[in-house]
Amino acid sequence: MAAETGDGNCLGWAARDPSGFLSPFKFNRRAVGSDDVSIKITHCGVCNGDLLWSTNEFGDSIYPVVPGHEIAGIVQEVGANVDRFKIGDHVGVGFFVNSCRDCELCNNDLEFHCSKGAIITFNSVDVDGTITKGGFSTFMVVHHEYCFKIPDKYPLEFAAPLLCAGLTVYAPMKLHKMDQPGKRLGVIGLGGLGHMTVKFGKAFGLEVTVLSTTMSKKDEALTLLGADRFVLSSDEQQMNAIAKSLDFIIDTASTDHSLDPYLKLLKTTGVIVIVAAPGEMKFSPINIVLGMNTIAGSAVAGRKMTQEMLDYCAAHDIYPIIETIPMHYVNEAFKRLRARDVKYRFVIDIQTSLAEFGNDVDRAYAVEPAKTAFGIKAGIRRIVEAEGIPYTYVSSNFFAGYFLPGLSQPGSTTPPRDKVVILGDGNPKVGASSGGRNGGEKGNEDDGETQDEEEWSEFINVDAAPPTRQEN
Ligand SMILES: [Zn+2]
Ligand SMILES: [Zn+2]
């Protein structure tokens, strides 16, 4: 099959084995059928699920895996039967791309849970027998029923994480009626899912308590996200002080933990909903029996809820906090995701860092994660200069500043769309040992234009040879 040999009409990035290392990969998207839309992907969020399937965590990965299921983009072609969308519409695709639309679950707006099995956005067998490929790619073709309208005013890069992280917490909050103003909500964990839970909780008028294992999240929880209270969950005294005070808890923690300390926080008939997938969770039944409490689970949701959530976020100005990254940063992003070092969602700027290469794998390979910090920039710089693309150089220091959560809101210092942004990887040690300037980029906040040529030629020399190309 052409799609698996590295040929095809679409350029993506794929994991080839359980190392989970991603690199450029060409494959075939199907022709646009009468019920399909073709979407030029502009942005794709990086979810824990992308990492888990790239590394075959569940034992069912079918390589090459092109991950990505928080997809935002622009309609570029519509099939003959499609009247919901037109070319130019802003749209999103989430975790599933098809279902039977006929079973009880599909008829109850729970398409993801389709009794015949929903088709997942990547690593799933599609209707034509091919394996689905996700949003770490330049475009996709999808049945229009599984494509959602992103309101025009809502920036696409912020819409991407809503399609999984946003929906994953919005759906159970609505289902369990956690939208009653004045009620008290606890949020366990403050990552991609947790920070959206706080945002929805505040928008619903709830009193929100963040329950975290680390004090390092306290300031952000209270000031940046607007939580009402922060409780260090390992501090028994703090936990006792809020015993039996919460109506609801959303548990987003993905590491193994006991539920008991949290169950004790619930009021009688309170509900805790688990939305992440730790390996094991223990609890003493007495902790739910006496309080008549409910432990529930939730995953994704259906089409109706997806559209409702997108519209709600646009109407109430709810934006995830994101770090926008170029495609070739994804392996580093996976590393940081593993280390929980992300505030709060990575979003890949497909439009400027992958789509720019058209379908040219060789050019995309020139910016494959290089062996040195400077190699990445040198590779990109060679290309943008050869192509005459205007560019901005962003040093490590600026990089850090740009990615401060407070800056990643609409209207802040986001990179201009007509420019390629060259990112440092913030690792001066690597730069120094590779023959770069003293201390790499440390202390340097200049842009590329103001650096002298001698320094630039050093960058280029570091990466004189393109990285070795990995065949399938
Ligand atoms: Zn996800
Ligand atoms: Zn169904």
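**Helix 11 and its cover**

I looked up which residues of helix 11 are buried in this predicted model, and found Val330, Ala333, Phe334 and Leu337. These residues lie on the same side of helix 11, because they span an arc of only 105° around the axis. I then asked what covers them; the cover includes strand 1 (10-15), strand 2 (22-27), strand 3 (36-46), helix 1, strand 18 (322-325) and strand 19. Past the helix I checked the backbone and noted that Arg340, which follows helix 11, has a positive phi near 55°.

**Strands 1 and 2**

Since strand 2 appears in the cover of helix 11, I examined strand 2 next. I recorded that 6 of its 6 residues are buried, so that strand 2 is mostly covered. Its pairing with strand 1 is antiparallel and runs over 6 bridges. As one bridge of interest, I noted that Cys10 has Phe27 in strand 2 as its partner. The hairpin formed by strand 1 and strand 2 has 6 residues between the strands, and there I found Gly20 with a positive phi near 75°.

**Helix 4 against helix 10**

How do the axes of helix 4 and helix 10 cross? I read a crossing angle of roughly 100° for helix 4 (residues 165-175) and helix 10 (residues 303-315), with the axes coming within 10 Å. The range for roughly perpendicular is 65 to 115 degrees, and I therefore entered helix 4 and helix 10 as roughly perpendicular to each other. I listed the residues that meet: Gly166, Leu167, Tyr170, Ala171 and Lys174 from helix 4, and Met305, Thr306, Met309 and Cys313 from helix 10. Sorted by class, this contact comprises 6 nonpolar, 2 polar and 1 charged residues.

**Ala314**

I stayed with helix 10 to look at Ala314, which is found in that helix. Is Ala314 buried, exposed or partly exposed? I counted it as partly exposed, because 19 other C-beta atoms lie within 10 Å and a buried residue needs 20 or more. Leaving aside residues up to four places away in sequence, I found that Ala314 touches Pro151, Lys153 and Tyr154. I also checked Ile150: Ala314 and Ile150 are 164 residues apart in sequence, whereas their C-alpha atoms are 8.4 Å apart in space.

**Cis peptide bonds**

I looked for the peptide bond leading into Pro64 and found that the bond from Tyr63 to Pro64 is cis, with omega near -5°. Pro64 is placed in the loop between helix 1 (48-54) and strand 4 (71-78). I entered a further cis peptide bond from Lys343 to Tyr344, where omega is near -15°. Tyr344 belongs to the loop between helix 11 (330-338) and strand 19 (345-349).

**Lysines with positive phi**

I turned to Lys177, a residue other than glycine whose phi is positive, near 55°. Its place is the loop between helix 4 and strand 10 (184-188). I classed Lys177 as exposed, because it has 12 C-beta neighbours inside 10 Å and the class takes in counts of 12 or fewer.

For Lys244, also not a glycine, I read a positive phi near 50°. The loop between helix 7 (236-241) and strand 13 (246-251) holds Lys244. How many other C-beta atoms lie within 10 Å of Lys244? I found 11, so Lys244 is exposed.

Methods:
Residues are numbered from 1 along each chain as its sequence is written. Chains are lettered from A and ligands numbered from 1 in the order in which they are written. This is a predicted model: local features need pLDDT of at least 70, side-chain atom pairs count only at pLDDT 80 or more; totals for chains, interfaces and linings use all residues. Axes are lines fitted to C-alpha atoms, for helices over the stretch in contact, and angles run from 0 to 180 degrees between N-to-C directions. Helices (H or I, at least four residues) and strands (E, at least two) are DSSP runs, numbered from the N terminus. Angles under 35 degrees count as roughly parallel, over 145 as roughly antiparallel, 65 to 115 as roughly perpendicular and the rest as oblique. Two residues are in contact if their C-beta atoms, placed from the backbone, lie within 7 Å. Ala, Val, Leu, Ile, Met, Phe, Trp, Tyr, Cys and Pro count as nonpolar, Asp, Glu, Lys and Arg as charged, and the others, Gly among them, as polar. The arc is that of the directions from the helix axis to the C-beta atoms. Two strands pair if DSSP finds at least two bridges between them.
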